[in-house]
Amino acid sequence: MHELSLAGAVIDTAERHAAGRRVLLIQLRLGELRQVVPESLAFYFEHVARGTLCEGATLEYETVPATLGCRECGATWPLTATLGSGSATWGQTPPGGVRPQVAARPSFRCLRCGGADVEVEAGNEFEVESIEVEEPACTG
Amino acid sequence: MHRVKVRVVEDALDANNTIARANRDDFDRHGVAVVNLMSAPGAGKTSLLERALERPLGEGIRVGVLEGDVQGEYDAMRIASLHVPVTQINTDSGFGGECHLDANMVRTALPSVPLAEIDLLVIENVGNLVCPAEFRVGEDVRVMVAAITEGEDKPLKYPLMYRTCELVLINKVDLLPHLEVDLEELLANIDAVHPGVETLVVSARTGEGVEEWRRWLAARVARRAAAPVA
């Protein structure tokens with residue numbers, strides 16, 4: 001339920017950039033590793049946005065897949081490459097409730113050299129990419 | 001009226017991070033090492049803190065505690081009985097009660113924390129494996145408690161929390177003979193999501209590993225003391 005606080009953070013950010021104008025649309029980039037549930041975020045957003053410039057705004061989001069990079073050997077790979085067959089989604093037990101096998105364990109170790117000095121190159125995003133605001137018609 | 005697109009490209013948590021940096025500056029000015037202690041509810045944060053602080057951590061090391069809870073002062077009372085200065089933050093003033101501490105809650109509580117009189121501040125976060133990992137509060141280091149009773153799969157389910165910590169305390173190991181939990185599997189899962197992270201196997205109940213936990217805390221204070229003061 002971190003989506004409640006995250007909804008507040010989205011609204012604060014959008015309002016800061018809206019400069020007093022009504023916000024109609026907010027586009028987000030959600031990294032896969034942040035484990036944000038978009039439906040839950042939208043639910044809380046609707047409530048928290050009441051009485052703000054963001055009231056009634058639409059939330060759109062793009063999910064950013066997790067990509068890892070090894071600082072030792074320079075390899076980069078998508079996190080999904082470390083998931084074995086049968087476990088389609090990060091962190092979830094395969095269908096049927098089977099205990100995840102070692103092969104299905106997502107690993108943050110380097111796929112090529114096994115090194116531990118691995119950085120997350122993408123997948124940690126929780127960004128407001130852009131907003132659309134209502135602009136009064138130009139009177140000039 | 002017409003629609004105008006405004007490019008933002010900003011981390012939505014930037015505002016929190018800015019306040020966290022202000023907290024960090026205050027901690028640095030007083031040369032205080034700060035630990036953000038996190039876990040699921042009931043994993044043993046307060047118990048491990050009590051065990052660590054029931055005797056002085058080391059010569060001249062003065063400790064303060066900031067307790068974060070949705071409601072109540074139960075934990076603060078436990079810590080206060082050890083004659084450690086403690087400040088309680090309750091997060092229930094908002095919409096349903098926040099499930100974590102953020103930088104601003106800590107900032108608001110700072111005036112009642114005697115920064116000039118302590119060397120180590122432990123911020124005990126609200127029990128939760130998701131939200132606290134999202135919000136920096138100005139800490140030097142993050143420590144989490146993983147109780148063995150939670151099962152060996154939790155690192156795979158809550159990778160963000162496990163990845164943001166520099167130390168994982170595996171608590172309640174005295175219960176291992178009574179459980180079907182595989183400690184080696186838990187350690188392997190922790191290593192999978194956070195390769196090389198430090199782990200300590202402990203029991204707040206029997207005291208196993210508590211000396212190592214105390215030495216780890218004392219070492220963080222020594223490291224802070226050796227760093228140049230801002």
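Y44(A) is buried, at a relative accessible area of 16%. The model is a predicted one, and this tyrosine is a good place to enter it. Buried here means under 20% relative accessible area, so Y44(A), with its 16%, qualifies. F43(A) is partly exposed, at 49% relative accessibility. The two residues form an aromatic pair. Their ring centres lie 5.4 Å apart. Their planes meet at 70 degrees, so the pair is edge-to-face. An edge-to-face pair needs planes over 60 degrees apart. Over all chains, the structure holds two aromatic pairs.

Next comes a sheet in chain A. It is open and has three strands, in the order β4-β3-β5. The pairing is antiparallel. Why do β4 and β5 of chain A each have one side without a neighbour in the sheet? Both stand at the edges, and each has a single partner strand, so one side of each is left free of a neighbour. β4 covers residues 76-78, and β5 covers 118-122. On average, neighbouring strands of this sheet are turned by 30 degrees against each other, direction ignored.

Look now at strand β3 of chain A, residues 67-70. Four bridges join β3 to β5(A), and the two run antiparallel. Within this pairing, T67(A) stands opposite A122(A) of β5(A).

The cysteines come next. How many disulfides does a search of the whole structure find? The count is zero over all chains. A disulfide is a covalent bond between the sulfur atoms of two cysteines. The cut-off for a disulfide is a sulfur pair within 2.5 Å. For C70(A), the nearest cysteine sulfur belongs to C110(A), 3.7 Å away. C70(A) is therefore in no disulfide. C70(A) is also buried, with a relative accessible area of 5%. Chain B offers another case. The cysteine sulfur nearest to C99(B) is that of C131(B), at 3.1 Å. C99(B) is in no disulfide either. At 9% relative accessibility, C99(B) counts as buried.

Stay in chain B for a charged residue. Is E139(B) buried or exposed? E139(B) counts as buried, at 5% relative accessibility. Its place is in the loop between β5 (120-124) and β6 (141-147) of chain B. A polar contact of 2.6 Å links its side chain to that of R142(B). Leaving aside residues up to four places away in sequence, E139(B) touches R24(B), V34(B) and N36(B).

Definitions and conventions. Residues numbered from 1 in each chain as written. Chains lettered and ligands numbered in written order. Predicted model: local features only at pLDDT ≥ 70, side-chain atom pairs only at ≥ 80, totals over all residues. Heavy atoms only, no water. Pairing = 2+ DSSP bridges. Axes fitted to C-alpha atoms, helices over the stretch in contact; angles between N-to-C directions. Buried < 20%, exposed > 50% of the residue type's maximum accessible area, 1.4 Å probe, protein only. Phe/Tyr/Trp six-rings, centres within 6.5 Å; stacked < 30°, edge-to-face > 60°. Polar contact = N/O pair within 3.5 Å; in protein donor to acceptor, adjacent residues only side chain to side chain. Contact = heavy atoms within 4.5 Å.
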